[in-house]
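Welcome! Let us take a friendly walk through a protein model, starting with a single side chain and moving outwards from there.

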Amino acid sequence: MHDTLRDLYSTYLASLNDSSSVLRVIILRESDTAARYQAALDAFRDASVLTQRYRIALQAPLGVQEKSDQAYRMLRQWRDLLDTHPGLSLSSSEYLEGLERFHQARKDLQAAMRASLNAPHR
């Protein structure tokens, strides 16, 4: 069970990271608002963030599930800035605030995951 959770956690964190990295690239490369948002939606799908989140919901302890949901919501809110803020740039306050909220949620998730892996299993 320990190895299964560790692999699940690693995969989910990687998909969160992949999605967040692609969001930055989209902002740098794409200027059309509609194309930006569509590219962000595609990146989310391609990274399987939602699929991995469902796997967490089925297999991880409740504390990890809650932090997983929070990280997912923060990433999704950050992604949606591409739709609601047409002039979004890597230096805009909205971008930086969204990035910070996502990073904090991911740190909280990682702490919950570590605690779960270090807890005695039955």
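Leaving aside neighbours within four places in sequence, which residues is Arg 36 in contact with? They are Ile 26, Ile 27, Glu 30, Ser 31, Leu 82, Pro 86 and Leu 88, where contact means heavy atoms within 4.5 Å.

Before going further, a word on what you are looking at. This is a predicted model, in which local features need pLDDT of at least 70 and side-chain atom pairs count only at pLDDT 80 or more, while totals for chains, interfaces and linings use all residues. Residues are numbered from 1 along each chain as its sequence is written, and side-chain values use heavy atoms, with hydrogens and water left out.

**A buried arginine**

Arg 36 has its place in helix α2; helices here are DSSP runs (H or I, at least four residues), numbered from the N terminus. Arg 36 is buried, a word that stands for under 20% relative accessible area, with exposed meaning over 50% and partly exposed in between (1.4 Å probe, protein chains only). Arg 36 has no salt bridge, that is, no side-chain nitrogen of Lys or Arg within 4 Å of a carboxyl oxygen of Asp or Glu. The nearest side chain of opposite charge belongs to Glu 30, 6.7 Å away. For charges, Lys and Arg count as positive and Asp and Glu as negative, while His and the chain ends are not counted.

What does the side chain of Arg 36 reach at 2.9 Å? The partner there is the backbone oxygen of Leu 88. In addition, a polar atom of the Arg 36 side chain lies 2.7 Å from the backbone oxygen of Glu 30.

**The nonpolar core**

Now look at the largest nonpolar core, which has 33 residues. Such a core is a set of buried Ala, Val, Leu, Ile, Met, Phe, Trp, Tyr and Cys residues joined through side-chain atoms within 4.5 Å. Two or more of its residues come from each of α1 (2-29), α2 (33-46), α3 (49-59), α4 (62-84) and α5 (93-118). The helix that gives the most is α1, with nine residues.

Tyr 9 and Leu 16 have the most contacts inside this core. Not counting residues up to four places away in sequence, Leu 16 touches Val 49, Ala 71, Leu 75, Phe 102 and Leu 109. The buried residues of α1 include Leu 5, Tyr 12, Ser 19 and Ile 27, and their cover includes α2, α3, α4 and α5.

How far apart are the end C-alpha atoms of α1? They are 41 Å apart, which agrees with the 40 Å that its 28 residues should span at 1.5 Å a residue. The expected span is 1.5 Å times one less than the number of residues.

**Salt bridges**

By the rule given above, the count comes to six salt bridges. Here are three of them, with the distance between the closest N and O atoms.

| Salt bridge | Closest N and O atoms |
|---|---|
| Arg 6 and Asp 7 | 3.8 Å |
| Arg 45 and Asp 42 | 3.2 Å |
| Asp 46 and Arg 45 | 3.6 Å |

Arg 6 and Asp 7 also belong to a network of salt bridges that includes Asp 3. Arg 6 counts as partly exposed because its relative accessibility is 36%, and Asp 7 is partly exposed at 43%.

Arg 45 and Asp 42 both lie in α2, three residues apart, about one turn of the helix. Arg 45 is exposed, at 54%, whereas Asp 42 is partly exposed, at 24%. Asp 46 is exposed too, as is Arg 45.

Terms used
Polar contact = N/O pair within 3.5 Å; in protein donor to acceptor, adjacent residues only side chain to side chain.
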